[in-house]
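User: Could you take a close look at one part of this model for me? I'd like to know how that spot sits in its surroundings, and then how the rest of the fold is put together around the helices and the core.

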Amino acid sequence: MRLSPLIAACALSLPLLSGTAAASSYPVKDRTLTHNKLYRSGPLKPAACMVDVMRRHFDPPVSKTYGQAVLDCVNSVWAAYAKKAHLPFAKARVTFTFERRRFCGSPWPEHAAAFYCSAERRMVILLNRVTVDEPWGLHFLSTITHEYGHHIQTITGIMRAHDNHPIRGTREQKEQSHRLELQAECLSGMIMRSMWPALDSTQTEWDDLVDKTKAGAEYYERTYKINDHGKGRNLAYWLERGFQTPSPSSCNTWTAPPAKVA
Ligand SMILES: [Zn+2]
């Protein structure tokens, strides 16, 4: 799932990241998570499809058409990659909604701009003023690529392994939930890097996305005591990491030290 964006722009800089590896509080002992074939599949090449960045203010039909074009592009990129790497593939599907209502047998997750339904291999994207009305389109684009990260986790068995992973208490549950969400964020950065040559976008817009992602998570943690995706600095770290080294091997959050998945 992806949190709703903040409307106000925040100009924060990326924090310095410490690379100290501490012993994991809750080591993950499942090779589907830690040694998935996905991590041995090499870098993702630039996308062949063209998707411009949506720079239009709120307009549901345009947003819907744009969102579908983005998903078609990502599906084609991942289909080609999966074929070459001998990974399983299925297309992700999408439903756009204008209201928060039940999907996938569950009520709409609070504060979510979108979420992914593994059972249907479908992402559900909310189109309202908060999620779409922006002077630039990278956030909306990144919402789709984040949910696609969950799709990749589903078709590679990672999602099921996470769901079946034994947990002992809420702290461990939280850490494993962060590992799942931060991996989706990293895969999102990787996909956006692949699409980057086709996007009419700038480094400033990218930096702004990273800053807003960080600020948004910090805002939700401060205001609502929500930290189900990981701390803002870690979301920014994994998003940037996927973008800078666009290979699934960069996105193995399951072996990362606890500080990187807090
Ligand atoms: Zn998510």
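Analyst: Ser250 is buried in this predicted model, because its relative accessible area is 9% and the cut-off for buried is under 20%. You'll find Ser250 in the segment after helix 8 (232-244). Leaving aside residues up to four places away in sequence, Ser250 touches Cys186, Trp238, Arg241 and Thr245. Tyr39 is worth a look too: Ser250 and Tyr39 are 211 residues apart along the chain, yet their C-alpha atoms are separated by 7.7 Å.

That kind of long-range pairing shows up in the totals as well. Take the contacts between residues at least 6 apart in sequence: 79% of them join residues at least 24 apart. Ser250 is one buried residue in a protein of 262 residues, 56% of which count as buried. The accessible surface comes to about 12000 Å², and carbon and sulfur atoms hold 54% of that.

As for the overall layout, there are eight helices and four strands. Going along the sequence, you read β-α-α-β-β-β-α-α-α-α-α-α.

Now the core. Nonpolar side chains tend to be buried together in soluble globular proteins. Here the largest nonpolar core has 63 residues, and Trp78, Met123, Ile125, Tyr148 and Met195 have the most contacts inside it. Helix 2 (residues 60-85) supplies the largest share of this core, with ten residues. Zoom in on Trp78 and, again not counting residues up to four places away in sequence, you'll see it touching Leu38, Leu44, Leu87, Phe89, Tyr148, Ile152, Ile155, Met190 and Pro248. There's also a second, separate core of seven residues, including Met1, Phe103, Phe115 and Val124.

Tyr148 and Ile152, both touched by Trp78, turn up again in a helix pair. Helix 4 (residues 138-155) packs against helix 6 (residues 170-195) at an angle of about 120°, with the axes 7 Å apart. That angle is why helix 4 counts as oblique to helix 6. On the helix 4 side, the contact is made by Leu138, Leu141, Ser142, Thr145, His146, Tyr148, Gly149, His150, Ile152 and Gln153. Helix 6 answers with Leu180, Glu181, Gln183, Ala184, Glu185, Leu187, Ser188, Ile191, Met192 and Met195. The crossing of helix 4 past helix 6 is right-handed. So Tyr148 and Met195 belong to this helix contact, and they are also among the residues with the most contacts inside the largest core.

Methods
Residues numbered from 1 in each chain as written. Predicted model: local features only at pLDDT ≥ 70, side-chain atom pairs only at ≥ 80, totals over all residues. Heavy atoms only, no water. Core = buried A, V, L, I, M, F, W, Y, C linked by side-chain atoms within 4.5 Å. Buried < 20%, exposed > 50% of the residue type's maximum accessible area, 1.4 Å probe, protein only. Helix = DSSP H or I, 4+ residues; strand = E, 2+ residues; numbered from the N terminus. Contact = heavy atoms within 4.5 Å. Areas by Shrake-Rupley, 256 points an atom, 1.4 Å probe, with all protein chains shown as cover. Axes fitted to C-alpha atoms, helices over the stretch in contact; angles between N-to-C directions. Parallel < 35°, antiparallel > 145°, perpendicular 65-115°, else oblique. Left-handed = near helix turned anticlockwise from the far one by under 90°.
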